[in-house]
Amino acid sequence: MLNDHLEADLKELREAFNSGKTKETSWRISQLNGLLRILEDRENDISMALKQDLGKHHVEAYRDEIGTVVKSVNNALVNLKQWMAAKKTRLPIAAFPSTASLVPEPLGVVLIISSWNFPIGLSLEPLIGAIAAGNAVVLKPSELAPTCSSLLAETILDYLDNYAVKVIEGGSDKGERLLQYKFDKIFFTGSTRVGRVVMSAAAQHLTPVTLELGGKCPAVVGSFSSSRENNMAAKRLVWGKFGLCAGQACIAVDYILTEKKNLSNLVESLKRYIKQCYGDDPNGSQSISKIVNKKHFSRLKSLLDEPMVKSSVVYGGSLDEESLFIEPTILVNPPIHATIMTEEIFGPLLPVITLESIEDSINFIRARPNPLALYAFTENESLQKRLVSETSSGSIMFNDTILQYAVDTLPFGGVGGSGFGRYHGRYSFDNFSHEKVVMTRGFLVDFWFRYPPWTAQKLQL
Ligand code: NAD
């Protein structure tokens, strides 16, 4: 039996959308300003909720979630009118006399299902696009970050128009129930497994979906002629693996591919920067997040417990179940068929795989599902070109990690197994809009031969 309250909520959202108010520019601006006020007025509460659910330091909380979303709301406020404007389109001479434009229209009532690792950012970032595009919205945050989920429910109720924007909390059961209803778009962030569930439920209603999924993001690491570049590469790799939610990030570096001859230098540099960032006793460091819960802790522990994996650990490897802490850990050449190398790690374990030649990385990557992000540290232009043209991933970043996510002018999304559809900045607005073709004809000329009957005279033309 479906929950009556849920049904009433969805009916109210449909009425709000049908009333036309969400299409008004003033409504969109007021809701975006409401989001901004949540982030400003409740910054401390958000930071504390992220600490509670994930052990995030407040610097990390601001950098990756609060501040990133503030930037995105401001970007939407500045550009909204331009995004909403009709785009005039050129027409072929045969269409004379006509004009045409593409007019963005909201899709209707949309559902956003988000993940726990950036529980504020991954909920509000798509919400910005959905509101800016003029939709009524249901947001279902992840139950695995419960403090953030209830804070989102409370603040969105207080600051936004609750007839048109609702938070519905709950776990997979609530998600499944929501999926039984018809939405006009589903924006899902989460695992490939649940992505399939979402897509098949959406198919019943012909609802379009965006799937922001995960996967393994490799980092190809060459060697540089100067120690400055080698050191900076190692620092950026440590940051891109351990520095965001302890590696529990869809675009975190999953594993490294490097040449045999580069291995010992690279590993020594990685160790040095892990120590510099997290000290000799990282368990006491406030600068690294905890593992989200016991289930994920056990999952990560079992990756290390597989035969031949533990013996490949060259740094770290300590775990503390009580504080849900896992030490930044480097493994060298764990078996390629072990789970740590076949499934997304989503935690602070960093395998380094050696290859005879750095060019072999291309076949290694091609033999596996398309990554959400691919990183490559190299100044070798021919390798850079080959990586761009011979591999497929949501994005490629050379000589750094993660930053491609934070740029409003770049679309973010996966390809193949890492998902499809894209968002951020204008792409978020487009994601939640339909670009309607509006074509207008004049009566100045008309072609007599376009109309039946198909006489011999017309067939001669
Ligand atoms: P998950 O798929 O278990 O859950 C995601 C969301 O789906 C949660 O809100 C959950 O309650 C809901 N859900 C779970 N089962 C459901 C069902 N049967 N029906 C409807 N809803 C259901 O994923 P997770 O553990 O939250 O996130 C981890 C995965 O997400 C990783 O693979 C990671 O790479 C990926 N991820 C991707 C991105 C991205 O932007 N591409 C960002 C963060 C995480």
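**Exercises on a predicted model**

In this predicted model, helices α3 and α6 are roughly antiparallel to each other.

**Exercise 1.** Determine how the packing of α3 and α6 leads to that description.

*Solution.* Step 1: two packed helices are described by the angle between their axes and the distance between the axes. Step 2: for α3 (residues 43-54) and α6 (residues 146-159), the angle is about 155° and the axes are 7 Å apart. Step 3: angles over 145 degrees count as roughly antiparallel, and α3 and α6 are therefore given that description.

**Exercise 2.** Identify the residues through which α3 and α6 meet, and sort them by class.

*Solution.* Step 1: α3 contributes Asp45, Ile46, Ala49, Leu50, Gln52 and Asp53. Step 2: Pro146, Thr147, Cys148 and Leu151 of α6 meet them. Step 3: the classes in this contact are six nonpolar, two polar and two charged residues.

**Exercise 3.** Find which residues of the largest nonpolar core touch the most other members.

*Solution.* Step 1: the core has 117 residues, and Val110 and Val137 are the two sought. Step 2: helix α5 (residues 121-132) supplies the largest share of the core, seven residues. Step 3: beyond its neighbours within four places in sequence, Val137 contacts Val110, Ile112, Leu127, Ala130, Ile131 and Val165.

**Exercise 4.** Describe the shell of residues around the ligand.

*Solution.* Step 1: of its 28 residues, those that come nearest are Ser172, Gly175, Gly190, Val194 and Gly214. Step 2: α7 (172-179) and α8 (192-204) are the elements giving two or more residues, and α7 provides the largest share, four residues. Step 3: by class, the shell holds ten nonpolar, 13 polar and five charged residues.

Methods:
Residues are numbered from 1 along each chain as its sequence is written. This is a predicted model: local features need pLDDT of at least 70, side-chain atom pairs count only at pLDDT 80 or more; totals for chains, interfaces and linings use all residues. Axes are lines fitted to C-alpha atoms, for helices over the stretch in contact, and angles run from 0 to 180 degrees between N-to-C directions. Angles under 35 degrees count as roughly parallel, over 145 as roughly antiparallel, 65 to 115 as roughly perpendicular and the rest as oblique. Two residues are in contact if their C-beta atoms, placed from the backbone, lie within 7 Å. Ala, Val, Leu, Ile, Met, Phe, Trp, Tyr, Cys and Pro count as nonpolar, Asp, Glu, Lys and Arg as charged, and the others, Gly among them, as polar. A nonpolar core is a set of buried Ala, Val, Leu, Ile, Met, Phe, Trp, Tyr and Cys residues joined through C-beta atoms within 7 Å. A residue is buried if 20 or more other C-beta atoms lie within 10 Å of its own, exposed if 12 or fewer, and partly exposed in between; C-beta atoms are placed from the backbone. A residue is near a molecule or strand if its C-beta atom, placed from the backbone, lies within 6 Å of it.
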